[in-house]
Amino acid sequence: MSGLFSFPNPVNEYAARATAGLVVVLAVVTIVAGQWWLYAALAIGFALRVAGGPRYSPFGRLSVHVIAPKLGPAKLVPGPPKRFAQTIGLAFSTVALVLFLTGNTVAAQIVLGTRAAMFAPVRDLGLVVVD
């Protein structure tokens with residue numbers, strides 16, 4: 001049973017970032033379209049990735065088998081931080097789904113937008129101060 005719900009360690013950084021990019025696109029589409037089933041799809045996708053990494057997730061499988069190989073050789077990084085990020089995404093997307101289903105559309109959009117901004121597939125943005 002533990003193999004069924006195991007998360008890979010290490011993981012390919014390129015696949016993880018490709019998955020994050022797909023999720024951000026879906027989050028933006030969800031905010032714009034405002035359909036409950038898109039909110040549900042986001043939450044289910046996160047639940048699948050928490051449960052078994054890319055094994056059960058359509059976005060994860062697409063990233064691992066199609067997108068990441070086109071980006072070059074795998075860059076292996078520790079898996080547990082990626083699972084933690086998926087768990088946080090699951091929490092945010094579930095809260096957004098519940099808010100949307102209870103009629104709090106703007107709050108759902110804010111929660112989902114915050115999640116998308118926090119986990120966008122960018123690295124080391126740093127702080128830019130304009131004087």
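These legends accompany close-up views of a predicted model.

**View 1. Tyr39 and Phe100 form a stacked aromatic pair.**
If you search the whole structure for aromatic pairs, one turns up. The ring centres of Tyr39 and Phe100 are 4.6 Å apart and the ring planes meet at 20 degrees, so this pair is stacked. The two partners come from distant parts of the chain: Tyr39 belongs to helix H2 (residues 36-52) and Phe100 to helix H4 (residues 80-101), with their positions 61 residues apart. Tyr39 is buried, its relative accessible area being 1%. Phe100 is buried too, at 16%, because the cut-off for buried is under 20%.

**View 2. The charged end of Arg49 sits over the ring of Phe46.**
Here a charge meets an aromatic ring. Look for the charged end of the Arg49 side chain, which lies 4.8 Å from the centre of the Phe46 ring.

**View 3. Trp36, Trp37 and Leu101 make up a nonpolar patch on the surface.**
Together, these three residues offer about 380 Å² of accessible area. Leu101 is part of helix H4. With a relative accessibility of 54%, Leu101 counts as exposed, since the label applies to values over 50%.

**View 4. The largest nonpolar core brings together 15 residues.**
Which residues touch the most other members of this core? They are Tyr39, Leu42, Ala96, Ala108 and Leu112. Helix H1 (13-33), H2, H4 and helix H5 (105-118) each contribute at least two residues to the core. H2 gives the largest share, with five residues. Tyr39 is therefore worth finding again in this view: besides touching many of its fellow core members, Tyr39 is buried at 1% relative accessible area. As a general background, nonpolar side chains in soluble globular proteins tend to be buried together.

**View 5. Leu112 is a buried residue of helix H5.**
This view stays with one member of the core. Leu112 is found in helix H5 and counts as buried, with 1% relative accessibility. Leu112 is also among the residues that touch the most other members of the largest nonpolar core. Val24 makes a handy reference point: its C-alpha atom is 9.5 Å from that of Leu112, although the two residues are 88 apart along the chain.

**View 6. Glu13 and Arg17 pair within helix H1.**
How many salt bridges does a search of the whole structure find? There are two, and this view shows one of them, between Arg17 and Glu13, whose closest N and O atoms are 2.6 Å apart. The two residues are four apart in helix H1, so about one helical turn separates them. Is Glu13 buried or exposed? Glu13 counts as buried, at 5% relative accessibility, whereas Arg17 counts as partly exposed, at 25%. In general, side chains of opposite charge can pair when their charged atoms come close.

**View 7. Lys82 joins Glu13 and Arg17 in a network of salt bridges.**
The side chains of Lys82 and Glu13 meet in a salt bridge, with an N to O distance of 2.9 Å. This pair links distant parts of the chain, as Lys82 is in helix H4 and Glu13 in helix H1, 69 residues apart. Lys82 is partly exposed, with a relative accessible area of 23%. Glu13 takes part in both contacts, with Arg17 and with Lys82.

Technical notes. Residues numbered from 1 in each chain as written. Predicted model: local features only at pLDDT ≥ 70, side-chain atom pairs only at ≥ 80, totals over all residues. Heavy atoms only, no water. Phe/Tyr/Trp six-rings, centres within 6.5 Å; stacked < 30°, edge-to-face > 60°. Buried < 20%, exposed > 50% of the residue type's maximum accessible area, 1.4 Å probe, protein only. Lys NZ or Arg CZ within 6 Å of the ring centre and 35° of its normal. Patch = residues over 30% accessible without salt bridge, like charges linked within 9 Å, V, L, I, M, F, W, Y side chains within 5 Å. Areas by Shrake-Rupley, 256 points an atom, 1.4 Å probe, with all protein chains shown as cover. Salt bridge = Lys/Arg side-chain N within 4 Å of Asp/Glu carboxyl O. Core = buried A, V, L, I, M, F, W, Y, C linked by side-chain atoms within 4.5 Å.
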